[in-house]
Amino acid sequence: MSITIFHNPNCGTSRNVLQMIRDTGVEPEIVQYVKEGWTAEGLKALFAEAGLTPREAMRTKGELAEGLGLLNEGTSDATILAAMVEHPVLVERPFVRTRKGTVLARPKEKVLEVL
(Lines give C-alpha, C1' and ligand atoms only; values in the text may rest on other atoms or scores of the structure.)
Protein backbone atom coordinates (compact mmCIF):
# COMPACT_ATOMS: atom_id res chain seq x y z
CA MET A 1 0.00 0.00 0.00
CA SER A 2 1.26 3.47 -0.88
CA ILE A 3 0.94 5.97 1.96
CA THR A 4 1.94 9.61 2.05
CA ILE A 5 2.08 11.62 5.26
CA PHE A 6 2.34 15.38 5.19
CA HIS A 7 4.43 15.57 8.32
CA ASN A 8 5.84 18.11 10.74
CA PRO A 9 8.45 16.40 12.93
CA ASN A 10 8.00 19.12 15.57
CA CYS A 11 4.38 18.03 16.14
CA GLY A 12 3.64 15.24 18.62
CA THR A 13 0.43 14.21 16.85
CA SER A 14 2.26 14.02 13.53
CA ARG A 15 5.03 11.87 15.07
CA ASN A 16 2.42 9.57 16.65
CA VAL A 17 0.57 9.13 13.34
CA LEU A 18 3.84 8.39 11.55
CA GLN A 19 4.55 5.65 14.10
CA MET A 20 1.02 4.24 13.70
CA ILE A 21 1.63 3.99 9.95
CA ARG A 22 5.00 2.33 10.46
CA ASP A 23 3.41 -0.12 12.90
CA THR A 24 1.41 -1.49 9.94
CA GLY A 25 4.69 -2.54 8.32
CA VAL A 26 4.61 0.15 5.65
CA GLU A 27 7.20 2.90 5.35
CA PRO A 28 5.30 5.94 4.05
CA GLU A 29 6.47 8.69 1.78
CA ILE A 30 7.15 11.57 4.16
CA VAL A 31 6.55 15.10 2.95
CA GLN A 32 8.01 17.63 5.35
CA TYR A 33 5.79 20.43 4.10
CA VAL A 34 7.22 23.11 6.40
CA LYS A 35 10.57 22.69 4.57
CA GLU A 36 9.20 21.87 1.11
CA GLY A 37 6.31 24.33 1.10
CA TRP A 38 2.96 24.13 -0.63
CA THR A 39 1.43 25.26 -3.87
CA ALA A 40 -2.11 26.60 -3.98
CA GLU A 41 -3.05 23.86 -6.44
CA GLY A 42 -1.58 21.14 -4.23
CA LEU A 43 -3.43 22.42 -1.18
CA LYS A 44 -6.72 22.71 -3.07
CA ALA A 45 -6.38 19.10 -4.22
CA LEU A 46 -5.43 17.84 -0.76
CA PHE A 47 -8.32 19.65 0.91
CA ALA A 48 -10.78 18.46 -1.74
CA GLU A 49 -9.64 14.84 -1.20
CA ALA A 50 -10.16 15.24 2.55
CA GLY A 51 -13.48 17.07 2.14
CA LEU A 52 -12.22 20.15 3.98
CA THR A 53 -12.20 23.87 3.31
CA PRO A 54 -9.05 25.93 3.82
CA ARG A 55 -10.60 27.35 7.01
CA GLU A 56 -11.25 23.83 8.35
CA ALA A 57 -7.69 22.77 7.52
CA MET A 58 -6.05 25.84 9.06
CA ARG A 59 -3.95 25.54 12.17
CA THR A 60 -5.34 28.10 14.58
CA LYS A 61 -3.10 27.23 17.53
CA GLY A 62 -0.45 29.83 18.14
CA GLU A 63 -0.52 33.47 17.16
CA LEU A 64 0.18 33.41 13.42
CA ALA A 65 -3.36 32.85 12.10
CA GLU A 66 -4.79 35.45 14.46
CA GLY A 67 -1.98 37.91 13.75
CA LEU A 68 -2.67 37.67 10.02
CA GLY A 69 -6.40 38.24 10.55
CA LEU A 70 -7.27 34.78 9.26
CA LEU A 71 -9.60 33.97 12.15
CA ASN A 72 -11.96 36.81 11.25
CA GLU A 73 -15.32 35.49 10.07
CA GLY A 74 -15.20 37.34 6.75
CA THR A 75 -11.77 36.11 5.70
CA SER A 76 -12.09 34.33 2.35
CA ASP A 77 -10.82 30.84 1.55
CA ALA A 78 -8.60 32.40 -1.12
CA THR A 79 -6.94 34.63 1.48
CA ILE A 80 -6.45 31.71 3.86
CA LEU A 81 -5.03 29.57 1.06
CA ALA A 82 -2.58 32.29 0.02
CA ALA A 83 -1.43 32.64 3.63
CA MET A 84 -0.91 28.87 3.85
CA VAL A 85 1.30 28.95 0.77
CA GLU A 86 3.33 31.79 2.28
CA HIS A 87 3.39 30.25 5.78
CA PRO A 88 3.24 26.42 5.43
CA VAL A 89 2.95 25.95 9.19
CA LEU A 90 -0.62 27.33 8.96
CA VAL A 91 -1.79 23.98 7.55
CA GLU A 92 -3.01 21.67 10.30
CA ARG A 93 -1.21 18.35 10.47
CA PRO A 94 -0.80 15.59 9.68
CA PHE A 95 -2.64 14.83 6.47
CA VAL A 96 -2.39 11.20 5.34
CA ARG A 97 -3.16 10.02 1.79
CA THR A 98 -3.66 6.36 0.84
CA ARG A 99 -5.57 4.56 -1.90
CA LYS A 100 -8.49 4.45 0.58
CA GLY A 101 -8.65 8.24 0.86
CA THR A 102 -7.16 11.29 2.50
CA VAL A 103 -7.69 12.42 6.09
CA LEU A 104 -6.54 15.07 8.47
CA ALA A 105 -5.44 12.74 11.25
CA ARG A 106 -6.75 14.71 14.21
CA PRO A 107 -7.32 13.01 16.48
CA LYS A 108 -4.55 10.61 15.55
CA GLU A 109 -6.94 7.64 15.46
CA LYS A 110 -8.58 9.16 12.38
CA VAL A 111 -5.67 7.71 10.35
CA LEU A 112 -7.15 4.24 10.91
CA GLU A 113 -9.93 5.17 8.45
CA VAL A 114 -7.46 5.06 5.56
CA LEU A 115 -5.03 2.35 6.64
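Which residues are buried in helix 3? In this predicted model, helix 3 spans residues 40–50, and Leu43, Leu46 and Phe47 are its buried residues. Looking down the axis of helix 3, you will find these buried residues within an arc of 95°, so they line one face of the helix. The spacing fits a familiar pattern: an α-helix has 3.6 residues a turn, so residues three or four places apart point the same way.

Now turn to the other side of helix 3, where Glu41, Lys44 and Ala48 are exposed. And what covers the buried residues of helix 3? The cover includes strand 1 (4–6) and helix 5 (77–86), together with strand 3 (95–98) and strand 4 (101–104). If you follow the chain past the end of helix 3, you come to glycine 51, which has a positive phi, near 70°.

Let us move on to the charged side chains. How many salt bridges does a search of the whole structure find? The search finds five. One of them takes us back to helix 3: glutamate 49 pairs with arginine 97, and their closest N and O atoms are 2.7 Å apart. Since glutamate 49 sits in helix 3 and arginine 97 in strand 3, the pair ties together parts that are 48 residues apart in sequence. Strand 3 also belongs to the cover over the buried residues of helix 3. As for solvent, arginine 97 counts as partly exposed at 29% relative accessibility, and glutamate 49 is partly exposed too, with a relative accessible area of 39%.

Another salt bridge brings together the side chains of glutamate 92 and arginine 106, at 3.0 Å from N to O. This pair links distant parts of the chain: glutamate 92 lies in the loop between helix 5 and strand 3, arginine 106 in the segment after strand 4, and the two are 14 residues apart. Is glutamate 92 buried or exposed? With a relative accessible area of 13%, glutamate 92 falls under the 20% limit, so it counts as buried. Its partner arginine 106 is partly exposed, with a relative accessible area of 31%. The story goes a step further here, as salt bridges that share partners join Arg59, Glu92 and Arg106 into one network.

Our last stop is the salt bridge between lysine 110 and glutamate 113, whose closest N and O atoms are 3.2 Å apart. Lysine 110 has a relative accessibility of 30% and counts as partly exposed.

Notes: Residues are numbered from 1 along each chain as its sequence is written. This is a predicted model: local features need pLDDT of at least 70, side-chain atom pairs count only at pLDDT 80 or more; totals for chains, interfaces and linings use all residues. Side-chain values use heavy atoms; hydrogens and water are left out. Buried means under 20% relative accessible area, exposed over 50%, partly exposed in between (1.4 Å probe, protein chains only). Helices (H or I, at least four residues) and strands (E, at least two) are DSSP runs, numbered from the N terminus. The arc is that of the directions from the helix axis to the C-beta atoms. Contact means heavy atoms within 4.5 Å. A salt bridge is a side-chain nitrogen of Lys or Arg within 4 Å of a carboxyl oxygen of Asp or Glu.
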